[in-house]
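Trainee: I'd like to go through the labels on this one and hear the reasoning behind each. Can we take them one at a time?

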Amino acid sequence: GEKMPEISSSEKYEVILEHFDLLLKEKGEYTATREIRKHISWYVKGMANATAIRNKINSVESEEEFRKILKEYF
């Protein structure tokens, strides 16, 4: 029942990239870029401008585009 400390933005960024890299390795760019969309909501929940980043990520079509948007946000 104890509350865990909040995860820093840089830690979230690293976990998202690791998650995405694993998806890329297992499923390829096309599927990975689409699957990461549904996970971004969980990662950015409660962060500033979460709605804006979710909207941008939901239209991502490539690995390059995903990494660029994510880097700009974090």
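Trainee: Leaving aside its neighbours within four places in sequence, which residues is E35 in contact with?

Mentor: Those would be L23 and K27. Keep in mind that we're looking at a predicted model. E35 itself sits in helix α1.

Trainee: What makes E35 count as buried or exposed?

Mentor: Its relative accessibility is 17%, and buried means under 20%. So E35 goes down as buried.

Trainee: And R37, how do you know which class it belongs to?

Mentor: Run the number again: R37 has a relative accessible area of 18%, and the cut-off for buried is under 20%. R37 is therefore buried. This residue is also found in helix α1. Setting aside neighbours within four places in sequence, R37 touches I57, N58, S59, V60 and E61.

Trainee: On to the helices. How do α1 and α3 pack, and what is the direction of one relative to the other called?

Mentor: Helix α1 covers residues 9-44 and helix α3 residues 63-73. They pack at about 20°, with axes 12 Å apart. Angles under 35 degrees count as roughly parallel, so α1 is roughly parallel to α3. The crossing of the two is left-handed.

Trainee: Which residues make that contact?

Mentor: From α1 you have Y13, I16, L17, F20, D21, L24, E29, T33, I36, I40 and V44. The α3 side brings E63, E64, F66, R67, L70, K71 and Y73. Sorted by class, the contact of α1 with α3 has eleven nonpolar residues, one polar and six charged.

Trainee: What about α2 and α3, parallel or antiparallel?

Mentor: Their packing angle is about 170°, and the axes are 10 Å apart. Over 145 degrees counts as roughly antiparallel, so that's the label for α2 against α3. On the α2 side, A50, I53, K56 and I57 meet F66, I69 and Y73 of α3. That contact divides into six nonpolar residues, no polar ones and one charged.

Trainee: How many salt bridges does a search of the whole structure find?

Mentor: Five. One of them joins R67 and D21.

Trainee: Why is the R67 and D21 pair called a salt bridge?

Mentor: The closest N and O atoms are 2.3 Å apart, and the pair has to come within 4 Å. R67 is in helix α3 and D21 in helix α1, so the bridge ties together parts that are 46 residues apart in sequence.

Trainee: Where do R67 and D21 fall on accessibility?

Mentor: R67 comes in at 25% and D21 at 36%. Partly exposed lies between the buried limit of 20% and the exposed limit of 50%. So R67 counts as partly exposed, and D21 does too.

Trainee: What makes E63 and R67 a salt bridge?

Mentor: Here the closest N and O atoms are 3.0 Å apart, against that limit of 4 Å. E63 and R67 both lie in helix α3, four residues apart, about one turn of the helix. E63 has a relative accessibility of 25%, so partly exposed is its class. Put the pairs together and D21, E63 and R67 are linked in a network of salt bridges.

Trainee: What is the N to O distance for R34 and E61, and which parts does that pair tie together?

Mentor: It's 2.4 Å between the closest N and O atoms, with the cut-off at 4 Å. R34 lies in helix α1 and E61 in the loop between α2 (50-57) and α3, so the pair ties parts that are 27 residues apart in sequence. R34 has 24% relative accessibility and therefore counts as partly exposed. E61, with 48%, is partly exposed as well.

Trainee: Last one: why does the phi of N49 get a mention?

Mentor: Most residues other than glycine have a negative phi. N49 isn't a glycine, yet its phi is positive, about 55°. You'll find N49 in the loop between α1 and α2.

Trainee: Is N49 buried or exposed?

Mentor: Its relative accessible area is 58%, and exposed means over 50%. So N49 is exposed.

Conventions: Residues numbered from 1 in each chain as written. Predicted model: local features only at pLDDT ≥ 70, side-chain atom pairs only at ≥ 80, totals over all residues. Heavy atoms only, no water. Axes fitted to C-alpha atoms, helices over the stretch in contact; angles between N-to-C directions. Parallel < 35°, antiparallel > 145°, perpendicular 65-115°, else oblique. Left-handed = near helix turned anticlockwise from the far one by under 90°. Contact = heavy atoms within 4.5 Å. Nonpolar A, V, L, I, M, F, W, Y, C, P; charged D, E, K, R; others polar. Buried < 20%, exposed > 50% of the residue type's maximum accessible area, 1.4 Å probe, protein only. Salt bridge = Lys/Arg side-chain N within 4 Å of Asp/Glu carboxyl O.
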